[in-house]
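Reader: Before we discuss this model, I would like each descriptive term to be tied to its criterion, so please set every value against its definition.

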Amino acid sequence: MNPDPGSISRWLHCLKAGDKSATEVLWNRFYPKLVRIANKKLVQNPDPAVGGEDIAQSSLRNVCQGVLDGRYPQLDNRDDFWKLLFVSMANRVCSHFRKCGSQKRNALLRDPSEAIDVELMSQLNSQEAQTE
């Protein structure tokens with residue numbers, strides 16, 4: 001099948017039928033927009049090692065793989081595909097922020113003595129002793 005290059009619906013049907021070459025067309029059409037939106041969501045990114053490109057790439061790869069695997073049988077048009085990509089990207093951004101937050105908490109829980117400024121604690125203790 002040689003679909004019209006402008007028809008996302010036809011390329012989605014090709015992808016559903018197992019044509020992996022459809023991924024390239026969908027990638028070229030949606031990747032730049034997905035990267036722009038992901039970058040906007042990551043403005044206050046605590047881990048610059050992960051950027052909008054990473055989020056967009058992961059989202060597109062997983063959604064296209066899901067279509068190939070038959071996980072989205074109701075997916076028939078550009079709007080549905082975009083909504084699925086957007087939700088996937090938004091979920092990945094949220095997961096990234098959660099992961100960054102949990103890494104900070106885990107660092108505190110691993111060795112609490114590192115999180116406590118011993119010198120400051122001794123100063124506070126000596127000030128409390130002087131006021132008693």
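Author: Helices (H or I, at least four residues) and strands (E, at least two) are DSSP runs, numbered from the N terminus. By that criterion histidine 96 has its place in helix H4, which covers residues 78-110. This is a predicted model, in which local features need pLDDT of at least 70 and side-chain atom pairs count only at pLDDT 80 or more, while totals for chains, interfaces and linings use all residues. Residues are numbered from 1 along each chain as its sequence is written, and side-chain values use heavy atoms, with hydrogens and water left out.

Reader: How many helices and strands does the protein have, and in what order do its elements run?

Author: There are 6 helices and 0 strands in the protein, and from the N terminus on the order reads α-α-α-α-α-α.

Reader: What mean pLDDT does the protein have, and which stretch falls below 50?

Author: The mean pLDDT, the predictor's confidence in each residue from 0 to 100, is 81 for the protein, and 72% of its residues reach 70 or more. Over residues 105-110, however, the pLDDT is below 50, and beyond near neighbours in sequence this stretch has 2 contacts in the model (contact means heavy atoms within 4.5 Å).

Reader: Why is histidine 96 called buried?

Author: Buried means under 20% relative accessible area, exposed over 50%, and partly exposed in between, with a 1.4 Å probe and protein chains only; histidine 96 has 7% relative accessibility and therefore counts as buried. Not counting residues up to four places away in sequence, histidine 96 touches Leu42, Asn45, Asp47 and Val50.

Reader: What makes valine 67 and valine 63, both residues of helix H3, buried or exposed?

Author: Valine 67 has a relative accessible area of 2%, so it is buried, and valine 63, at 2% relative accessibility, counts as buried too. Leaving aside neighbours within four places in sequence, valine 67 is in contact with Leu12, Leu15, Lys16, Tyr72 and Leu75, whereas valine 63 touches Tyr72, Phe81, Leu84, Leu85 and Ser88, not counting residues up to four places away. The C-alpha atoms of valine 67 and leucine 12 are separated by 8.1 Å, although the two residues lie 55 residues apart along the chain.

Reader: How do you know that H1 and H3 pack, and at what angle?

Author: Two packed helices are described by the angle between their axes and the distance between the axes. For helix H1 (residues 8-16) and helix H3 (residues 52-68) the angle is about 65° and the axes are 7 Å apart, where axes are lines fitted to C-alpha atoms, for helices over the stretch in contact, and angles run from 0 to 180 degrees between N-to-C directions. Leu12, Leu15 and Lys16 in H1 meet Cys64, Val67 and Leu68 in H3. The residues of this contact divide into 5 nonpolar, no polar and 1 charged, with Ala, Val, Leu, Ile, Met, Phe, Trp, Tyr, Cys and Pro counting as nonpolar, Asp, Glu, Lys and Arg as charged, and the others, Gly among them, as polar.

Reader: Why are the buried residues of H1 said to line one face of the helix?

Author: The buried residues of H1 are Ile8, Trp11, Leu12, Cys14 and Leu15. Seen down the axis of H1 they fall within an arc of 160°, so they line one face of the helix, the arc being that of the directions from the helix axis to the C-beta atoms. Just after H1, glycine 18 takes a positive phi of about 100°.
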